[in-house]
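Please examine the sequence and the three-dimensional structure shown here before reading further. The explanation afterwards is intended to be read beside them.

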Amino acid sequence: MGHGIAELFAIAGYEVSLVDVSQDILSKALRNIEESLVKIKERGRLKEDIQTILARIKPIVGDVCRAVEGVEVVVEAVVEDIEVKKRVFAEADRCAPPEAILATNTSSLPITEIAEAVKPERRPRVVGMHFFNPPPLMPLVEVIRSGYTSSETVNRAVEYARRLGKEPVVVNRDVPGFIVNRILARVNEAACWMVARGEATVQEIDSALMYKAGLPMGAFILMDYTGIDVVCFIGDAMLKRGFKTHPCPVITEKCQQKKYGVKTGEGFYKYPAPGKFERP
Ligand code: 3HC
């Protein structure tokens with residue numbers, strides 16, 4: 001999701017450093033950003049030209065410290081592994097200006113624990129900024145207060161979300177899954193157990209959710225779109241934090257088979273190629 005978040009900041013006029021572990025990943029991220037900007041431009045929703053916006057994004061391979069020098073806000077969107085997140089936060093804390101906010105886009109990991117990876121004086125400036133896929137289109141940003149976050153930081157995060165054109169919702173308790181993923185976890189679980197028990201098919205459930213419940217995507221197509229690996233990470237993280245789930249084999253099998261959805265070309269549905277989304 002990192003490239004989508006970088007795109008939003010660049011559209012809003014910010015100079016952005018985009019860090020990842022390899023040049024290949026960064027080149028792909030920049031291609032994705034350009035494709036997304038083209039779509040937004042076609043809909044007449046871009047005030048500037050695409051090259052002006054792209055020129056604000058500076059790709060940086062590997063070096064978190066260089067990327068965060070002189071910044072006012074850092075948004076971390078690395079893999080959902082608490083140890084990796086803590087390492088990135090410790091590094092960002094070492095090199096970012098003292099007044100900079102360090103935000104995490106984690107889907108379900110405890111922000112209070114991530115905050116403990118930074119120096120005590122920075123902890124009030126660590127906050128959750130949880131975007132939704134695809135960030136350029138989804139209006140919601142959950143702004144999550146950890147056990148350490150100051151009200152000033154919450155207000156600043158809300159202000160950033162607004163400047164990106166988003167609708168922030170403040171989540172005052174750092175609970176597993178925050179609001180959306182906590183509820184989605186139950187929806188996904190109920191849907192999967194209906195399939196496991198032979199009560200309904202994947203297609204029947206998705207059709208019912210889209211055409212009756214009014215959701216833009218059914219539960220299974222949304223898991224494919226989000227990444228079934230991410231769904232498994234979220235489920236594990238919530239289980240570890242005491243959220244009572246009943247992991248369903250219909251989901252865990254997909255993870256074991258590495259059929260993660262759109263990104264691998266197959267999940268609950270098949271797609272034309274890995275990374276190419278087309279409604280089944
Ligand atoms: N950037 C810019 N524009 C994009 C885009 C992108 N990345 N992706 C699609 N678009 C544009 C398309 O070009 C199209 O434009 P047009 O109307 O001018 O042709 C428009 O958006 C609609 O796209 P589509 O016709 O391809 O498909 P949909 O009408 O289904 O819309 C969707 C796509 C907005 C993704 C919609 O299906 C949707 O809202 N789905 C639900 C997504 C959702 O719930 N996300 C949250 C997942 S949970 C999460 O992220 C949490 C995390 O913790 C895991």
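The following paragraphs proceed from the domains to the core, the ligand, the helices and some individual residues.

The model is a predicted one. The domain assignment of the protein gives two parts, domain 1 (2–171) and domain 2 (180–264). Their centres, taken over C-alpha atoms, are separated by 26 Å. Where the two parts meet, seven residues of domain 1 are in contact with ten residues of domain 2. On the side of domain 1 that touches domain 2, two of the residues are nonpolar, three are polar and two are charged.

The interior may be considered next. The largest nonpolar core has 68 residues, and those with the most contacts inside it are Leu102, Val127, Met129 and Ala157. Because domain 1 (2–171) and domain 2 (180–264) both give residues to this core, it lies between them. Met129 offers a detailed view of such contacts: leaving aside residues up to four places away in sequence, Met129 touches Val75, Ala103, Asn105, Val141, Val143, Ala157 and Ala161.

Where does the ligand lie with respect to domain 1 and domain 2? Both domain 1 (2–171) and domain 2 (180–264) give residues to the shell around the ligand, so the ligand lies between them. This shell is formed by 17 residues, of which the closest are Ser36, Lys39, Ser107, Asn133 and Pro216. The elements that give two or more residues to the shell are α2 and α10. The element that gives the most is α2, with three residues. By class, ten residues of the shell are nonpolar, five are polar and two are charged.

Asn133 also takes part in a notable piece of backbone. A cis peptide bond joins Asn133 and Pro134, with omega at about -5 degrees. Pro134 is placed in the loop between β5 (126–130) and β6 (140–144).

Attention now turns to two helices. In helix α9 (residues 202–211), the buried residues are Val202, Ile205, Asp206 and Leu209. Seen down the axis of α9, these buried residues fall within an arc of 95 degrees, and therefore they line one face of the helix. They pack against α8 (180–196) and α10 (219–226). Helix α10 is mostly covered, as seven of its eight residues are buried. These are Ala219, Phe220, Ile221, Leu222, Met223, Asp224 and Thr226. The buried residues of α10 pack against α8, α9 and α11 (228–240). After α10 comes Gly227, whose phi is positive, near 110 degrees.

Positive phi values also occur in residues other than glycine. Phe178 has a phi near 55 degrees, and its place is in the loop between β7 (167–171) and α8. Lys258 has a positive phi of about 55 degrees, and is found in the segment after α12 (249–256). Which of these residues is buried, and which is exposed? Phe178 counts as buried because 21 other C-beta atoms lie within 10 Å, and a residue is buried if that number is 20 or more. Lys258 has 10 other C-beta atoms within 10 Å, and is therefore exposed.

The last residue to consider is Ser22, in the loop between β1 (16–20) and α2 (23–42). Ser22 counts as exposed because it has 10 C-beta neighbours inside 10 Å. Ser22 and Gly62 are 40 residues apart along the chain, while their C-alpha atoms are separated by 6.9 Å.

Definitions and conventions:
Residues are numbered from 1 along each chain as its sequence is written. This is a predicted model: local features need pLDDT of at least 70, side-chain atom pairs count only at pLDDT 80 or more; totals for chains, interfaces and linings use all residues. Helices (H or I, at least four residues) and strands (E, at least two) are DSSP runs, numbered from the N terminus. A residue is buried if 20 or more other C-beta atoms lie within 10 Å of its own, exposed if 12 or fewer, and partly exposed in between; C-beta atoms are placed from the backbone. The arc is that of the directions from the helix axis to the C-beta atoms. Domain bounds come from an automatic or database domain assignment. Ala, Val, Leu, Ile, Met, Phe, Trp, Tyr, Cys and Pro count as nonpolar, Asp, Glu, Lys and Arg as charged, and the others, Gly among them, as polar. A residue is near a molecule or strand if its C-beta atom, placed from the backbone, lies within 6 Å of it. A nonpolar core is a set of buried Ala, Val, Leu, Ile, Met, Phe, Trp, Tyr and Cys residues joined through C-beta atoms within 7 Å.
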